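User: Please take a close look at the salt bridges in this model. I would like a connected account of the residues that form them, followed by their setting in the rest of the protein.

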Amino acid sequence: MGLFASRRERHGTTLEPTMILRIIRNYALFGAAWVVCSDVLVYFHGGETPQSTVLSALKGLLFVAVSAVVLHAIITKAVIRTVVERDKLRESSVALESELRNLRTAVEQSPVTVVISDAEGLIQYVNPAFTETSGYSAKESLGKNPRILKSGETNPEEYTLMWQRLVRGESWT
């Protein structure tokens with residue numbers, strides 16, 4: 001964060017080209033003022049001749065000018081790269097959101113029962129086919145153990161197999 005950054009810049013707003021130019025201009029102005037003032041002070045304190053003071057000031061001004069140009073090039077390149085990366089992220093985000101909507105629609109409209117549980121086996125999601133098949137609403141099912149579905153008609157080995165697969169993070173059908 002630069003000395004001359006505005007409040008908006010300090011709080012995460014991207015640098016616009018006019019802001020970059022203002023920063024470079026301020027750097028050049030203050031750098032030039034520093035060079036001239038320091039060389040004039042040396043001259044008045046008897047440290048140098050008028051010619052060497054002018055030469056020293058010109059050398060300092062040249063340094064400030066060249067470094068301002070280099071600084072401008074570096075910052076401009078960084079801003080362009082940031083804008084390009086931001087645009088790529090925005091495009092991929094839009095594509096991912098579209099894909100997610102499509103997948104959600106497919107699961108929601110699927111005639112197959114879909115139940116998603118966490119590592120502890122608690123139900124995190126059920127689709128409409130589940131509510132139709134089981135008679136449990138999504139609200140009644142979420143956060144519950146799938147044991148709520150135990151009807152007594154499925155043999156114990158099938159439940160053991162189901163739990164072994166779920167604990168390993170595998171699907172069960």
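Analyst: Three salt bridges are present in the structure, which is a predicted model. Two of them share Asp87. In one, Asp87 pairs with Arg86, and the closest N and O atoms are 3.5 Å apart. In the other, Asp87 pairs with Arg90, with 3.7 Å between the closest N and O atoms. Arg86, Asp87 and Arg90 are thereby linked in a network of salt bridges.

The spacing along the helix bears on the second of these pairs. Arg90 and Asp87 are three residues apart in helix α3, so about one helical turn separates them. As to solvent exposure, Asp87 is partly exposed, with a relative accessible area of 30%. Arg86 is also partly exposed, at 35%, and Arg90 counts as partly exposed at 48% relative accessibility. These values fall in the band between the cut-offs, since buried requires a relative accessible area under 20% and exposed requires one over 50%.

The remaining bridge joins Glu108 and Arg104, whose closest N and O atoms are 3.9 Å apart. That distance qualifies because the criterion admits a side-chain nitrogen of Lys or Arg within 4 Å of a carboxyl oxygen of Asp or Glu. Glu108 and Arg104 are four residues apart in helix α3, and about one helical turn again lies between them. The two partners fall into separate exposure classes: Glu108 is partly exposed, with a relative accessible area of 27%, whereas Arg104 is exposed, at 52%.

Helix α3, which spans residues 50-109, also contains Ser67. Ser67 is buried, with a relative accessible area of 17%. The side chain of Ser67 makes a polar contact of 2.7 Å with the side chain of Tyr27.

The residue that follows Ser67 in the numbering, Ala68, belongs to the largest nonpolar core, a set of five residues made up of Ile20, Ile24, Ala68, Ile75 and Val79. Helices α2 (17-44) and α3 each supply at least two residues of this core, and α3 gives the most, with three. In soluble globular proteins, nonpolar side chains tend to be buried together. Within the core, Ile24 touches Ala68 and Ile75, and its contacts also include Leu71 and His72, when residues up to four places away in sequence are not counted.

Beyond α3, the chain enters the loop that leads to β1 (115-117), where Val112 is found. Val112 is exposed, with a relative accessible area of 52%. When residues up to four places away in sequence are left out, Val112 touches Asn127 and Ala129. Val112 and Phe130 are 18 residues apart in sequence, and their C-alpha atoms are 7.7 Å apart in space.

Further along, Asn145 lies in the loop between α5 (138-141) and α6. Asn145 counts as buried at 17% relative accessibility. Its contacts, again without residues up to four places away in sequence, are with Gly121, Leu122, Ile123 and Trp163. One of these partners, Trp163, falls within the residue range of helix α6, 156-167. Helix α6 has 12 residues and reaches 17 Å from its first C-alpha to its last, close to the 16 Å expected at 1.5 Å a residue. Gly169 follows α6 and has a positive phi, near 85 degrees.

For the protein as a whole, there are six helices and two strands. In sequence order the pattern is α-α-α-β-β-α-α-α. Of its 173 residues, 17% count as buried. The protein exposes about 12,900 Å², and carbon and sulfur atoms supply 64% of that area. Among contacts with a separation of 6 or more, 27% are between residues 24 or more positions apart.

To return to the request, the salt bridges consist of a network that links Arg86, Asp87 and Arg90, together with the pair of Glu108 and Arg104.

Notes
Residues are numbered from 1 along each chain as its sequence is written. This is a predicted model: local features need pLDDT of at least 70, side-chain atom pairs count only at pLDDT 80 or more; totals for chains, interfaces and linings use all residues. Side-chain values use heavy atoms; hydrogens and water are left out. The expected span of a helix is 1.5 Å times one less than its number of residues. Buried means under 20% relative accessible area, exposed over 50%, partly exposed in between (1.4 Å probe, protein chains only). A polar contact is a pair of N or O atoms within 3.5 Å; within protein, one must be able to donate a hydrogen and the other to accept it, and residues adjacent in sequence count only if both atoms are side-chain atoms. Contact means heavy atoms within 4.5 Å. Accessible areas come from the Shrake-Rupley method with a 1.4 Å probe; for residues, only the protein chains shown count as cover. A nonpolar core is a set of buried Ala, Val, Leu, Ile, Met, Phe, Trp, Tyr and Cys residues joined through side-chain atoms within 4.5 Å.
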